Amino acid sequence: MNVVLDVRDLCTAFATRAGVVRAVDHVSLTVHAGEVLGLVGESGSGKSMTGYSIMGLVEPPGRVVGGSIVLDGREITSLSPGEMRALRGNRVAMIFQDPMMTLNPVLRIDTQMVEAVQAHDDVSHAIARDRARDALARVGIPSPDERLNAYPHQFSGGMRQRVAIAIALLNRPDLIIADEPTTALDVTIQGQILYEMQTLAQESGTALIWITHDLSVVAGLADRVAVMYAGRIVEEGGTADIIERPAHPYTRGLIDSVPSRNRRGERLRQIPGMTPALTALPEGCAFQDRCNRATAACAVAPPMTVARPPYEAQRVRCHHPLPDPTA
Amino acid sequence: MLVYLIRRSLQSVVVLLAMSLLVFVGVYAVGNPIDILINPQADQQDRERSIAALGLDKPLWLQYALFLKGALTGDLGNSFVQGTPALGLILERMPATLELAVVAMLIAIVLGIPLGLWAGMKPDSLSGRSIMAGSILGFSLPTFWVGLMLIMVFSVMLGWLPSNGRGETRLLFGVPVSFLTVDGWRHLIMPATNLALFNLALMIRLTRAGTREALLQDYVKFARAKGLSNARVIGVHVLRNILIPIVTVIGLQFGSLIAFAIVTESVFAWPGMGKLLIDSINFLDRPVIVAYLLVIVTLFIVINLVVDVLYSALDPRVRLADAKG
Ligand SMILES: Nc1ncnc2c1ncn2[C@@H]1O[C@H](COP(=O)(O)OP(=O)(O)OP(=O)(O)O)[C@@H](O)[C@H]1O
Ligand code: SF4
Ligand SMILES: [Mg+2]
């Protein structure tokens, strides 16, 4: 499979009053064509910032300060704003969390779709509109021809998110970054959209980065999972490996706090403590204040290593990885 | 829509009635115009004849009733001073005031919105901060003082621009206007700028605040994620949203611009309604004062109606009540 996106040691920092904050800290990711990568972590762990960095949408006072992002074999961190604009919405698209907020409330759907086509393709309004209608049909919007003339407030939340997905699909991108697109929706609609996205990605060979804080969403969808904590990837591997044999104590904690995995009547287990502020991270492993396996060794930052040699496909950033419970 | 218009018209009539009653009673309470209008040496007989001629011998309620009767036929009474219909006097002066107010509003819009957009996009830059500092001046300096300073600099010291009057006018649909002649513009530009200053500052602040807020919205980020150019993101996505409050404020301000024109008209001796009002108040010329206020209120009502219609056209989420009717 060919690599669509290869991110190496990506760092994105914010200059704040309390000093420089690394919201994304040496993040490395690889995504192949047609693959779904789940990016999981608590609120504030830097998932969205990773997505914005790839899109070139980090706004001041934030800035990508290091690393490389190779999209379709091309280094994009050094592109001019104009070249980056030409890629956005064309080779790589992004969908956001709240469908009530992502569509412009005062512009008709056709306006918002046609402009997305014409930003990248020198085609007539009529052709762009046809493409918009086809995209709406693909994401399961009934009578798309009429719906093109509607305004966002005339759609339900689920339908609006479908419109946003249709917009992302318009220019047949190689990669779609979906930033918690189902979190704001009903569970049933969430399920439908997850299923449809998966099908669409498979059919078109589009790679997908699915950002969520909910491991159960990723379980049925992703091929691989990367777990983020305080701006860093702390564990990475195949979805089944991560869920059944997590090696990082933080991943274990995330799994235990998913309701459906707990027995009835048993209390939900929460990860003790709170996500630390990025300005007050401990020296060494960022998780040590909340970790029950922490030792003196953890005061030195752990490198990303193979979790359980010789099995190479699961990697972890921890001095004392968990043993394989199924072994 | 029709039901909406009918209801609005009925409301307007009630407002006009209340307004006229207030002014009637108000001017009555302030003083007796006869004391000002009649030669103090006149004898008692002359005096009584004049009072009767102006209808001031009747009780106030009857005067008001007679006024209402006349108003129904479009007759708002004759000026105590000039003896001609008060409404005619007002309408004769109205084009000058409207011209001044429209030009002032255009100056405020054409300069204010781009400056506000710029300041909103670059709030921390030197230019953004300078624009904001300028707008604070526009808010805080008193209109009459700025007017006098303008005259000092451009008329007295530099001698570039005339300081009073409308200059050469030309008829447009039978109405004399200044903006069709060069000399008219030379007379118009200074009072219009003076009158525009407050609204220019208001436009800048409003546009800047709206831009800053809109730039934080997800729909702007999503528009950027689609790969739209910056010009399109700002010029379409941001502007279309902030235009909604801006149009509302423009409408509301246009009314007060006409009202505030009184000061500017006095400073620049601009022959508009405002100057007429000041003179009429000096003579307690009640018919003219009442007519002026009724005309102003009517203008406010019409403007508000236009704003409502525009508002619903700009914001698809708003439909005028009873739109189906
Ligand atoms: N304007 C800013 N100034 C300073 N720090 C910022 C700013 N914006 C974001 N950050 C930092 O970036 C970090 C990562 O934010 P990000 O939005 O990527 O988190 P996330 O994982 O997407 O969380 P969520 O699940 O809540 O969306 C935050 O913890 C915050 O400290
Ligand atoms: S490195 Fe140490 S503190 Fe960090 S997760 Fe592993 S065991 Fe816990
Ligand atoms: Mg986020």
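In the predicted model, helices α10(B) and α12(B), the latter covering residues 286-314 of chain B, pack with their axes 10 Å apart and at an angle of about 175 degrees. Because angles over 145 degrees count as roughly antiparallel, α10(B) and α12(B) are assigned to that class and are therefore roughly antiparallel to each other. When the residues that form the contact of α10(B) with α12(B) are sorted by class, 17 are nonpolar, five are polar and one is charged.

Helix α10(B) also takes part in a second packing arrangement, with helix α8 of chain B. In this pair, α8 comprises residues 182-215 and α10 comprises residues 230-267, and the two axes come within 9 Å and cross at roughly 155 degrees. The helices α8(B) and α10(B) are therefore likewise roughly antiparallel to each other, and their crossing is right-handed. The contact of α8(B) with α10(B) is made up of 18 nonpolar and seven polar residues, with no charged residues.

These helices belong to a chain whose secondary structure amounts to 12 helices and two strands. Followed along the sequence, the elements of chain B are arranged in the pattern α-α-α-α-α-α-α-β-β-α-α-α-α-α, in which the two strands come one after the other, with seven helices before them and five after them. The C-alpha trace of chain B spans about 85 × 60 × 35 Å along its principal axes.

In chain A, attention turns to the ligands. Ligand 1 is surrounded by 13 residues, of which A:Ser43, A:Gly44, A:Lys47, A:Ser48 and A:Met49 are the closest. For A:Ser43, an N or O atom of the side chain is placed 2.5 Å from an oxygen atom of ligand 1, while for A:Ser48 a polar side-chain atom lies 2.6 Å from an oxygen atom of the ligand. In the case of A:Gly44, it is a polar backbone atom that is found 2.8 Å from an oxygen atom of ligand 1. Taken alone, ligand 1 exposes 640 Å², and 67% of that area is buried by the protein.

Two secondary-structure elements of chain A, β1 (residues 3-16) and α1 (residues 47-55), each supply at least two residues of the shell around ligand 1, and α1(A) gives the most, with three residues. By class, the shell around ligand 1 divides into four nonpolar, six polar and three charged residues.

Ligand 2 is likewise surrounded by 13 residues, and those that come nearest are A:Cys285, A:Cys291, A:Cys298, A:Cys318 and A:His319. The shell around ligand 2 divides into eight nonpolar residues, four polar residues and one charged residue.

Several backbone features of chain A remain to be described. Most residues other than glycine have a negative phi, and most peptide bonds are trans. Against this background, A:Asp9, which lies in strand β1 of chain A, has a positive phi, with a value near 50 degrees. The peptide bond from A:Pro60 to A:Pro61 is cis, with omega near 10 degrees, and A:Pro61 is placed in the loop between α1 and β4 (residues 62-71) of chain A. A further cis peptide bond joins A:Pro309 and A:Pro310, for which omega is about 5 degrees, and A:Pro310 is found in the loop that runs between β11 (residues 305-308) and β12 (residues 311-316) of chain A.

Definitions and conventions: Residues numbered from 1 in each chain as written. Chains lettered and ligands numbered in written order. Predicted model: local features only at pLDDT ≥ 70, side-chain atom pairs only at ≥ 80, totals over all residues. Heavy atoms only, no water. Near = heavy atom within 4 Å. Polar contact = N/O pair within 3.5 Å; in protein donor to acceptor, adjacent residues only side chain to side chain. Areas by Shrake-Rupley, 256 points an atom, 1.4 Å probe, with all protein chains shown as cover. Helix = DSSP H or I, 4+ residues; strand = E, 2+ residues; numbered from the N terminus. Nonpolar A, V, L, I, M, F, W, Y, C, P; charged D, E, K, R; others polar. Axes fitted to C-alpha atoms, helices over the stretch in contact; angles between N-to-C directions. Parallel < 35°, antiparallel > 145°, perpendicular 65-115°, else oblique. Left-handed = near helix turned anticlockwise from the far one by under 90°.
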